[in-house]
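Reader: I am in my first year and would like a close look at one part, the packed interior, with every term explained as it comes up. Please show me the structure first.

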Amino acid sequence: MSVFSKPLPPTTVIMTIGVLVGVSFTLSKLAANAGAPPLTALFWQLLVASLVLLSAGIVTGRRLNLTPHHLFYYIGAGILGVSAPALIGFTVLGHISAGFYSALVTLSPLFTFAISTAVERKMLPFHRLIGILIGLIGISLVTLTGFELSGIDPFWIALAAAGPVSLAFGNVFRSKAYPKDGDPIMMATGALLSQLILVWPALFIFGDGAGVQSITSGSQLAIIGFITAIAYILTFEVQRRTDGVGFSQVGYFATLAGIGIGALTFGETIRFELLISLAVLFIGLAISNGQITPATLRSTFKSRTAG
């Protein structure tokens with residue numbers, strides 16, 4: 001997969017990951033509505049994704065690096081970027097809409113910016129903040145039009161908000177701890193396998209001891225697992241070419257995809273502002289990634305006036 005993603009610019013890969021994440025939100029809600037226990041659902045997601053990635057590694061002749069540095073990375077990236085957000089999603093999506101949960105994910109870029117600033121002990125480039133804020137404005141055009149939250153226990157809203165916090169920590173961790181010789185497929189495999197090893201014993205304590213509890217959402221979980229495998233190959237590939245703040249903008253595209261697909265699947269409200277939001281979002285992402293700068297704007301203006 002990384003062979004095909006390398007020629008693509010980071011922005012294109014970020015958009016793709018965001019759409020895959022948005023699709024997984026909808027499938028997670030379907031699984032939650034079908035009664036899948038969160039821990040069991042996470043187990044099956046990890047199992048399917050790990051099998052897909054292991055197969056890809058075997059076919060391409062790759063080997064999993066097991067140095068202490070790599071093991072630390074697998075566990076940290078797995079907990080912050082895989083298990084914690086997935087468990088939160090499987091838990092809260094039985095109580096809140098997929099659109100609202102997707103909207104909360106827009107907080108992850110700002111959280112990532114704040115955490116990165118604290119870790120670096122200095123302000124990041126100003127254009128990054130401007131781009132992120134413009135993207136947040138674009139998303140707000142959708143989210144501020146209103147989601148029906150009456151009757152929802154504040155506990156579920158607070159727990160859902162923990163999702164983007166975990167994603168933000170995961171973005172910064174992957175960026176700072178990424179091994180120099182890390183292969184995207186094997187890094188993704190290690191992260192998912194580490195969580196599978198941790199989650200299976202937990203099922204004996206908190207849930208279905210065999211990890212094979214009969215559920216009515218097996219097809220959704222299998223698809224989520226496959227999407228997880230593809231998304232994390234792309235995640236570790238693009239992480240090599242941008243930092244945590246740049247990558248965090250996956251959240252914007254995940255929100256748009258989650259709102260759109262959720263509206264189609266569950267009849268959740270979708271408004272015209274989604275299209276306006278998409279346009280504003282592209283502008284914010286381009287500014288943050290340095291594709292739109294004062295110099296490029298001046299050059300464009302001069303060429304048009306000259307013509």
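Author: What follows starts with the whole chain, goes into its interior, and then comes back out to the surface.

The model is a predicted one, and therefore local features need pLDDT of at least 70 and side-chain atom pairs count only at pLDDT 80 or more, whereas totals for chains, interfaces and linings use all residues. Residues are numbered from 1 along each chain as its sequence is written, and side-chain values use heavy atoms, with hydrogens and water left out.

The protein chain contains 14 helices and zero strands, where helices (H or I, at least four residues) and strands (E, at least two) are DSSP runs numbered from the N terminus. Of its 307 residues, 50% are buried; here buried means under 20% relative accessible area, exposed means over 50%, and partly exposed lies in between, with a 1.4 Å probe and protein chains only. Taking the contacts in the chain with a separation of 6 or more, 90% are between residues 24 or more positions apart, a contact being heavy atoms within 4.5 Å.

The interior itself can now be described. The largest nonpolar core has 54 residues, among which L46, Y73, F90 and F236 touch the most other members; such a core is a set of buried Ala, Val, Leu, Ile, Met, Phe, Trp, Tyr and Cys residues joined through side-chain atoms within 4.5 Å. Helices that each supply at least two residues of this core include α2 (10–33), α3 (38–59), α4 (68–92), α8 and α10 (218–239), as well as α7 (126–143), α9 (184–206) and α12 (250–266). There is also a second, separate core of 14 residues, including V92, Y101, I152 and A254. To see what surrounds one member of the largest core, take F236: when its neighbours within four places in sequence are left aside, F236 is in contact with Y73, A77, R174, Y178, P184, M187, A188 and A191.

Some polar residues also sit inside, and T228, which lies in helix α10, is one of the buried residues, because its relative accessible area is 6%. If residues up to four places away in sequence are not counted, T228 touches Q45, A49 and L192, and the side chains of T228 and Q45 are joined by a polar contact of 2.7 Å. A polar contact is a pair of N or O atoms within 3.5 Å; within protein, one must be able to donate a hydrogen and the other to accept it, and residues adjacent in sequence count only if both atoms are side-chain atoms. The C-alpha atoms of T228 and V21 are 8.0 Å apart, although 207 residues separate the two along the chain.

V21 leads on to S24, whose side chain reaches the backbone oxygen of V21 at 2.6 Å. S24 is found in helix α2 and is buried, since its relative accessible area is 14%; leaving out residues up to four places away in sequence, S24 touches I224 and I227. Helix α2 also holds P10, which counts as partly exposed because its relative accessibility is 27%, and which is 9.8 Å from L234, C-alpha to C-alpha, across 224 residues of sequence. In helix α12 there is G260, a buried residue with a relative accessible area of 13%; its C-alpha atom is separated by 9.8 Å from that of S102, 158 residues apart along the chain.

Outside these buried places, the structure holds one salt bridge, a term for a side-chain nitrogen of Lys or Arg within 4 Å of a carboxyl oxygen of Asp or Glu. D183 and R62 form it, with their closest N and O atoms 2.8 Å apart. Because D183 lies in the loop between α8 and α9 while R62 lies in the loop between α3 and α4, the pair ties together parts that are 121 residues apart in sequence. D183 is partly exposed at a relative accessible area of 24%, and R62 is partly exposed at 25%.

Finally, on the surface, L107, F111, V165 and F169 form a nonpolar patch with about 290 Å² of accessible area together. Patches are made of residues with over 30% relative accessible area and no salt bridge, like charges being joined within 9 Å and nonpolar side chains (Val, Leu, Ile, Met, Phe, Trp, Tyr) within 5 Å, and accessible areas come from the Shrake-Rupley method with a 1.4 Å probe, where for residues only the protein chains shown count as cover. Helices α6 (107–120) and α8 (154–177) each supply at least two residues of this patch; F169 lies in α8 and is partly exposed, with a relative accessible area of 42%.
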